[in-house]
Amino acid sequence: METVSIVLQAVGSLGFILYGMKLMSDGIQKSTGESLHKILNFMAGNRFLAVLTGFAVTAIVQSSGATTIMTVSFVNAGMLTLQQAIGIIFGANIGTTVTAWIVALIGFQLNLAIIAIPAFGIGYFLTFFKKLKQESLGESIMGFGLLFAGLDFLSSLMPSLSADNLTFLSIASKSGFASIFVGFIAGFILTVILHSSSATTSIVITMAYSNVIGIDFAAASVLGSNIGSTVDAVLAATGSKLNARRAAAVHVLFNVFGAILFLALFYPALDLLYFITPPKSGLDNITTRLALFHSLFNLINTIIALPFVNQIAKFVEWLIKPKKDDAPERYQIIFKHPAIKGNNEAYIFRGELEIVKMSTHVQSMLDLIKEMLENEPKTDFEQIVKNLAEKEDCADQMQEELSRYLIQISRLSLTSKAEHNVRMMLRIVDDLENITDQLYEIGLHINKSVQKKMSIKQKDMEKLLPYFGIVNRFMHFVHDHLNKRLAPNQLALAHEMEDTIDAKRTDLKKLARKRLEDGADVRSELLYLDIVRSIEKIGDYAFNISESLAKTR
């Protein structure tokens with residue numbers, strides 16, 4: 001019965017730790033999620049910035065799994081290249097060691113109960129008093145308190161554990177190959193079950209601090225937990241696009257390669273650890289050494305792998321081959337309703353990614369129209385119109401699926417700001433789809449003028465290029481500012497572009513009417529006016545989107 005009681009108390013302590021980490025991570029993501037998502041996309045310009053970004057975001061949200069899932073989502077939406085994602089994944093692995101340092105440097109230097117109880121109380125009252133509008137911060141502080149309460153309970157439980165209670169502890173407290181092997185497997189399995197290498201590392205450090213397990217077992221468990229942490233990336237990539245699956249594969253390969261390397265050089269690695277933390281250095285306790293071992297594992301592996309990012313990308317591209325269904329005919333975005341209260345910010349973030357993806361789709365159609373207007377000798381108008389038709393059909397599917405997805409989000413428990421932004425996103429989706437309709441119409445008109453050899457002079461068609469160029473710049477402006485609030489001066493710039501488009505439309509219509517008065521072909525000039533009108537409508541829809549962005553909160 002004593003063993004059963006100890007196990008049940010350990011399970012309860014583990015529940016405090018896990019729920020505390022979830023609450024803390026979710027609270028931080030809610031309060032800073034939008035800016036973190038934008039930082040993740042903005043700072044991934046080169047491999048070094050990508051590593052720094054992955055580290056910073058993971059250190060803040062206290063979850064390498066959350067960072068990895070965000071990264072896979074960006075890759076899936078085409079907003080990050082595989083090479084950029086690799087750097088972020090490397091950085092996320094380093095960032096996840098921050099939790100171990102918090103536990104090692106704070107958790108055992110102070111009375112955990114002194115930290116845990118006041119933190120939980122402060123966090124609760126921040127969520128209780130709604131007028132303070134600090135619910136997310138309160139949740140994160142409550143999570144911090146629960147985490148340390150769980151560690152306190154677990155620490156007090158450790159003296160009760162012995163080889164008589166749990167047989168494997170006789171191996172765990174010793175050194176040698178058996179201890180390393182069992183520790184590695186235990187770390188892997190525990191992380192797969194908990195979906196958190198940070199939680200596993202915290203438990204391992206607590207047990208090592210209480211002399212329940214030895215340094216060999218604890219260090220091997222840390223290595224095993226790093227492989228177990230790849231489960232989240234694999235799950236996030238399931239059913240996703242090719243590069244998202246490749247990004248998940250990088251995470252698995254990086255951690256597996258690193259673990260094999262450190263297992264092969266296990267004792268030299270421990271010797272390096274003892275060299276860095278000599279006796280009387282103030283860092284010679286087992287908790288600090290384990291946190292440092294965790295950091296060294298990820299730092300050394302990143303230093304080894306970072307120069308070979310392009311080679312790793314090519315290897316993964318060779319390893320993960322495209323599947324027949326990688327380019328489905330029908331666009332889909334699946335809404336999975338949370339079984340329990342979760343971080344609704346993640347759903348909105350996914351919607352934002354898909355809107356950017358839809359806008360990128362519009363950009364590709366703009367490029368095709370530009371190609372038709374330039375009318376190079378080898379331009380295949382029939383093929384371009386066919387491509388435009390496929391893209392316009394895809395845009396219709398995106399509008400349908402995205403609108404359904406956003407309506408489902410609106411039914412969740414959202415803040416007033418989130419509700420408002422979801423409504424704005426619905427309007428933007430409609431405007432983007434309307435733009436694709438106009439682009440397809442323009443393609444049909446141009447192709448008709450060529451196929452039926454209508455007498456529209458080349459110089460008149462060339463006048464459409466600068467006109468279309470203004471609209472094209474306007475759409476790029478909109479694309480660059482999607483999911484951001486437009487400042488008054490930016491909205492004024494959008495207004496100026498819309499006015500320029502209207503003025504240009506008026507000039508072109510006057511020229512067409514003059515040609516009609518001079519005896520030009522009526523059908524040709526009416527077709528020309530249809531093209532002018534459709535281009536102008538694109539400018540109207542672009543301005544509608546700009547107004548929606550200016551109204552986001």
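Against which helices do the buried residues of helix 14 pack? They pack against helix 9 (177-194), helix 11 (215-228), helix 13 (242-264) and helix 15 (286-305). Helices are DSSP runs (H or I, at least four residues), numbered from the N terminus.

This is a predicted model, in which local features need pLDDT of at least 70, side-chain atom pairs count only at pLDDT 80 or more, and totals for chains, interfaces and linings use all residues. Residues are numbered from 1 along each chain as its sequence is written, and side-chain values use heavy atoms, with hydrogens and water left out.

Helix 14 spans residues 266-276, and Phe-266, Ala-269, Leu-270 and Leu-273 are buried there (under 20% relative accessible area, 1.4 Å probe, protein chains only). Seen down the helix axis, these buried residues fall within an arc of 100°, so they line one face; the arc is that of the directions from the axis to the C-beta atoms. Asp-271 and Phe-275, on the other side, are exposed (over 50%).

The largest nonpolar core has 63 residues, of which Leu-439, Leu-464 and Phe-474 touch the most other members. Such a core is a set of buried Ala, Val, Leu, Ile, Met, Phe, Trp, Tyr and Cys residues joined through side-chain atoms within 4.5 Å. A second, separate core of 34 residues includes Ala-208, Ala-220, Ala-259 and Leu-270.

UniProt (unreviewed entry) annotates the segments below among its transmembrane regions and as a coiled-coil region; annotations may be inferred rather than shown by experiment.

| Segment | Helix | Strand | End C-alpha atoms apart |
|---|---|---|---|
| Residues 82-103 | 91% | 0% | 33 Å |
| Residues 290-309 | 85% | 0% | 28 Å |
| Residues 381-415 | 86% | 0% | 49 Å |

Key. Helix = DSSP H or I, 4+ residues; strand = E, 2+ residues; numbered from the N terminus. Contact = heavy atoms within 4.5 Å.
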